[in-house]
Amino acid sequence: MKSSFLISGGAAFGMSLILSYLLISLIAYYFRKKHYPKASPNLAQSIVLAGRLLASLILITGLFAPVRDFLLISAGNGGLNSAACWSFLLICCCGLFFAYCIAAGLEGVLSGQIFKGQSLSVELSENNIGLSVVRAVMLTGLAIVLLFSLGIFLQAFIPTPAIPTIR
């Protein structure tokens, strides 16, 4: 029984490292391509990029609470060998990317509403620190809010263990 917990924990740890690396690389690549393709980033662009990366790491952290619960419940029933485990991990990854897209989209819409009449890309290239701090904090806050919603949503896919009842 303990070996299945160890294997499940090791798989979750490895998956979190891989997901973190892939998501951070993807976000950094597209941010660099959009905001500073030829030069190094200025301070404002770096703050927004740091906010995006922090939001992704917050969501990855929240993803592994339901995964931990699923692995603890299913460890005695085959653990990582079952197709249910891998399908649950796939559902979690899709939920993670969907939640990040929602957070980034909401942040863009809300930033557009807050800073009406200003081009956000131009303001970032002109090193507007105030705008970058607001965008980074807003995205991080949205990620924290979505973290709890994503956790509750993913809990619905965790099988309930059979509990004996006394009559």
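A nonpolar core is a set of buried Ala, Val, Leu, Ile, Met, Phe, Trp, Tyr and Cys residues joined through side-chain atoms within 4.5 Å. In the present structure, which is a predicted model, the largest such core comprises 43 residues. Those with the most contacts inside this core are L19, L59, L63, F64, V67, L96 and Y100. Two or more residues are given to the core by each of the elements α1, α2 (43-74), α3, α4 (120-125) and α5. The largest share, 13 residues, is contributed by α2.

Contacts beyond the immediate sequence neighbourhood were examined for V67, one of the core residues with the most contacts. When neighbours within four places in sequence are set aside, V67 is in contact with F88, L89 and C92.

A further set of contacts involves S16, which is placed in helix α1 (residues 2-35). The relative accessible area of S16 is 17%, so this residue is classed as buried, the cut-off being under 20%. With neighbours within four places in sequence again left aside, S16 is in contact with I60 and F64. F64 is also among the residues with the most contacts inside the largest nonpolar core.

The packing of α3 and α5 was also characterised. The axes of helix α3 (residues 83-114) and helix α5 (residues 129-155) come within 9 Å and cross at roughly 145°. The crossing of α3 past α5 is right-handed. By class, the residues in the contact of α3 with α5 are 19 nonpolar, 2 polar and 2 charged.

Terms used
Residues numbered from 1 in each chain as written. Predicted model: local features only at pLDDT ≥ 70, side-chain atom pairs only at ≥ 80, totals over all residues. Heavy atoms only, no water. Helix = DSSP H or I, 4+ residues; strand = E, 2+ residues; numbered from the N terminus. Buried < 20%, exposed > 50% of the residue type's maximum accessible area, 1.4 Å probe, protein only. Contact = heavy atoms within 4.5 Å. Axes fitted to C-alpha atoms, helices over the stretch in contact; angles between N-to-C directions. Left-handed = near helix turned anticlockwise from the far one by under 90°. Nonpolar A, V, L, I, M, F, W, Y, C, P; charged D, E, K, R; others polar.
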